[in-house]
Amino acid sequence: MSDIRQFRWSDYDRVVEVWRQSGADVLSRAELEAKLVRDPELFLVAAAGEDIAGVVLGTYDGRRGWIFRLGVHPGHRRRGVATRLIAELEVRFRALGCPRINLLVRPDNEAGLRFWQSLGYLTYPDVLCSKPVS
């Protein structure tokens with residue numbers, strides 16, 4: 001069983017490993033430092049002793065909550081880690097007064113889509129547009 005808690009900088013290398021092992025994009029320290037200025041309580045890890053079993057990055061812009069980079073280390077899968085991370089993140093979003101939570105799922109990630117739908121997340125036909133600023 002893992003303990004869900006807020007990210008600490010001492011977790012960073014183990015979080016990177018979870019992201020890599022789960023196929024999620026890795027945030028650099030600089031990107032993460034900028035994110036954590038805003039809502040550090042929404043970056044959660046599932047700590048299993050000295051290991052990090054899973055991680056999820058949430059953010060709240062004052063209007064919508066967003067879930068990014070959910071990952072569970074392959075050695076800890078099928079134990080409810082992702083479900084518990086999301087449940088705690090939802091509690092924290094509610095405490096902030098967040099009325100709706102959004103997330104993105106890659107179109108070819110059928111297992112991921114099934115997971116999110118099992119938690120009550122609905123699909124929308126929106127199209128993601130993105131533009132690099134630098």
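Q: Which residues of helix H1 (residues 12-22) are called buried?
A: Tyr12, Val15, Val16, Val18 and Trp19 are. Buried means under 20% relative accessible area, exposed means over 50%, and partly exposed lies in between (1.4 Å probe, protein chains only). H1 itself is a DSSP run: helices are H or I runs of at least four residues, strands are E runs of at least two, and both are numbered from the N terminus. The model is predicted: local features need pLDDT of at least 70, side-chain atom pairs count only at pLDDT 80 or more, and totals for chains, interfaces and linings use all residues. Residues are numbered from 1 along each chain as its sequence is written, and side-chain values use heavy atoms, with hydrogens and water left out.

Q: How do you know where the buried residues of H1 lie around its axis?
A: Take the directions from the helix axis to the C-beta atoms. For the buried residues they fall within an arc of 160 degrees, so these residues line one face of H1. The face turned away carries exposed Asp13 and Arg20. Helix H2 (29-36) and strands E2, E3 and E4 are among the elements covering the buried side.

Q: Why is Cys98 called buried?
A: Cys98 has a relative accessible area of 11%, which is below the buried cut-off, so the label holds. Cys129, at 70%, passes the exposed cut-off and is therefore exposed.

Q: How many disulfides are there?
A: Zero. A disulfide would need a pair of cysteine sulfur atoms within 2.5 Å.

Q: What is the position of Arg64 with regard to burial and salt bridges?
A: Arg64 is buried and has no salt bridge. A salt bridge needs a side-chain nitrogen of Lys or Arg within 4 Å of a carboxyl oxygen of Asp or Glu. The nearest side chain of opposite charge, Asp61, is 7.1 Å away. Arg64 sits in the loop between strand E3 (51-60) and strand E4 (65-72). Beyond four places in sequence, its contacts (heavy atoms within 4.5 Å) are Thr59, Cys98, Pro99, Arg100 and Asn102.

Q: What makes a set of residues a nonpolar core?
A: Its members are buried Ala, Val, Leu, Ile, Met, Phe, Trp, Tyr and Cys residues, joined through side-chain atoms within 4.5 Å. The largest such core has 20 residues; Val56, Ile67, Leu85, Ile86, Leu89, Phe93 and Trp116 touch the most other members. E2 (43-48), E3, E4, helix H3 (81-95) and helix H4 (110-118) each supply at least two residues. H3 gives the most, with six. A second, separate core of 16 residues includes Val16, Leu27, Leu32 and Ala47.

Methods:
Lys and Arg count as positive and Asp and Glu as negative; His and the chain ends are not counted.
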